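Reader: I'd like a close look at one small part of this model before I go back to the bench. Could you walk me through it in plain words?

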Amino acid sequence: MYSKKSIAVVGAGLMGHGIAQVFAAAGHMVTVFDRDYKALSTLRARIEDNLEDLEQDTSVVKNVFPIEDLRECVVKADVVFEAGPENLEFKKTLFEQLESHAPKHAILASNTSVMPITEIMANLRTGYRAMGTHWWNPPYLVPLVEVIKTKETDSNLAQEMFDLLTSVGKTPAMVEKDVPGFIGNRLQHALWREAIALVAEGVCDAKTIDTVVKKSFGRRLSVLGPLENADLVGIDLTLAIHETVLPFIDRTAGPSPYLKKLINDGHLGMKSGEGFRKWTPDEQTQLRQKILKHLKAMNIADQQI
Ligand SMILES: NC(=O)c1ccc[n+]([C@@H]2O[C@H](COP(=O)([O-])OP(=O)(O)OC[C@H]3O[C@@H](n4cnc5c(N)ncnc54)[C@H](O)[C@@H]3O)[C@@H](O)[C@H]2O)c1
């Protein structure tokens with residue numbers, strides 16, 4: 001049994017409240033700071049709603065403590081997770097404050113989606129205890145957390161984080177080098193780049209791209225990773241496919257002009273009602289519900305397979 005820790009979370013938004021929930025549900029004490037009072041005042045209710053939806057014990061919300069002062073939130077913490085805005089200057093300044101407010105032994109972790117952890121932690125004197133922990137949305141349903149080491153990160157502390165995450169039911173993955181996008185988002189956006197290129201070239205429309213992914217290799221992805229798949233079909237076949245196809249895969253260094261044009265036309269995605277495709281409010285709600293339902297079913301299936 002892993003000893004109970006004092007966990008602090010900075011940022012009570014979409015990711016922060018879910019991270020707090022994971023540790024509270026595992027019996028850890030979790031303090032949460034946000035500069036927005038509303039984010040703090042609604043924190044426990046949002047966690048309770050998630051737990052109810054999962055048909056889990058809602059009383060664990062008593063382990064979550066919204067705190068209005070950053071120093072007070074982290075002063076006794078063993079581990080601090082930052083889940084504030086995706087802004088480099090914000091994160092750099094915050095970690096300098098965390099370094100001085102949190103106890104000397106505390107591990108400091110950023111939940112940035114893609115920013116190099118080395119840059120975020122550049123001004124720290126104790127960079128050995130700083131690392132990335134990249135959770136996926138929603139944190140209480142998606143198993144993976146990437147643990148990202150910088151050149152400064154103490155490997156024992158990264159392993160301690162890995163073990164802590166395992167103990168609360170997550171599936172951590174150790175990222176040995178701090179590369180932008182880490183592992184998951186690099187893979188995901190390599191696929192998105194090609195998807196956008198195929199639409200831009202007129203090979204098919206956006207809906208067809210999504211159908212192809214969802215109804216083919218997407219079906220297998222949660223039980224068959226790409227390199228397992230290469231081993232399954234054979235490395236010789238993989239080489240032959242790559243010799244034929246790779247020369248034609250998009251390799252534009254930078255965002256697609258197609259993406260920029262969508263933005264210039266005001267097509268920002270669901271929030272503006274149209275991106276690659278048009279979305280009514282009902283369609284948006286249905287898709288969000290479908291994702292949650294699917295993620296819950298996948299977690300049940302994981303236990304059965
Ligand atoms: N949303 C995702 O799918 C996702 C996935 C993985 C990682 N991330 C990363 O996690 C981080 C948080 O993302 P999110 O989606 O939860 O954002 P969010 O906007 O939902 O939450 C951010 C919270 O930070 C608070 N905040 C703003 N300024 C602050 C300050 N000075 N001090 C403390 N809190 C402050 C905001 O009030 C807000 O509650 C970002 O770095 C993001 O890139 C997001």
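Which backbone oxygen lies 3.4 Å from a polar atom of the side chain of Ser6?

Author: Happy to, and keep in mind that this is a predicted model. The backbone oxygen you're after belongs to Lys76, and its partner is a polar atom of the Ser6 side chain, 3.4 Å away. Ser6 itself sits in strand S1, which covers residues 6–10. Buried or exposed? Ser6 counts as buried, because its relative accessibility is 14%, and the cut-off for buried is under 20%. If you skip the neighbours within four places in sequence, the residues in contact with Ser6 are Met29, Lys76, Ala77, Asp78 and Val79. So Lys76 turns up twice here: in that contact list, and as the owner of the backbone oxygen.

Now for the ligand. There are 23 residues around the ligand, and the closest are Met15, Asp34, Glu86, Lys91 and Ser113. Ser113 has a side-chain N or O atom 2.7 Å from an oxygen atom of the ligand. Met15 uses its backbone instead, with an N or O atom 2.8 Å from a ligand oxygen. Gly13 also has a polar backbone atom 3.5 Å from an oxygen atom of the ligand. On its own the ligand has 830 Å² of accessible area, and the protein covers 74% of that. Helix H1 (14–25), helix H5 (88–101) and strand S6 (130–135) are the elements that each give two or more residues to the shell. By type, the shell residues split into ten nonpolar, eight polar and five charged.

Conventions:
Residues numbered from 1 in each chain as written. Predicted model: local features only at pLDDT ≥ 70, side-chain atom pairs only at ≥ 80, totals over all residues. Heavy atoms only, no water. Helix = DSSP H or I, 4+ residues; strand = E, 2+ residues; numbered from the N terminus. Buried < 20%, exposed > 50% of the residue type's maximum accessible area, 1.4 Å probe, protein only. Polar contact = N/O pair within 3.5 Å; in protein donor to acceptor, adjacent residues only side chain to side chain. Contact = heavy atoms within 4.5 Å. Near = heavy atom within 4 Å. Areas by Shrake-Rupley, 256 points an atom, 1.4 Å probe, with all protein chains shown as cover. Nonpolar A, V, L, I, M, F, W, Y, C, P; charged D, E, K, R; others polar.
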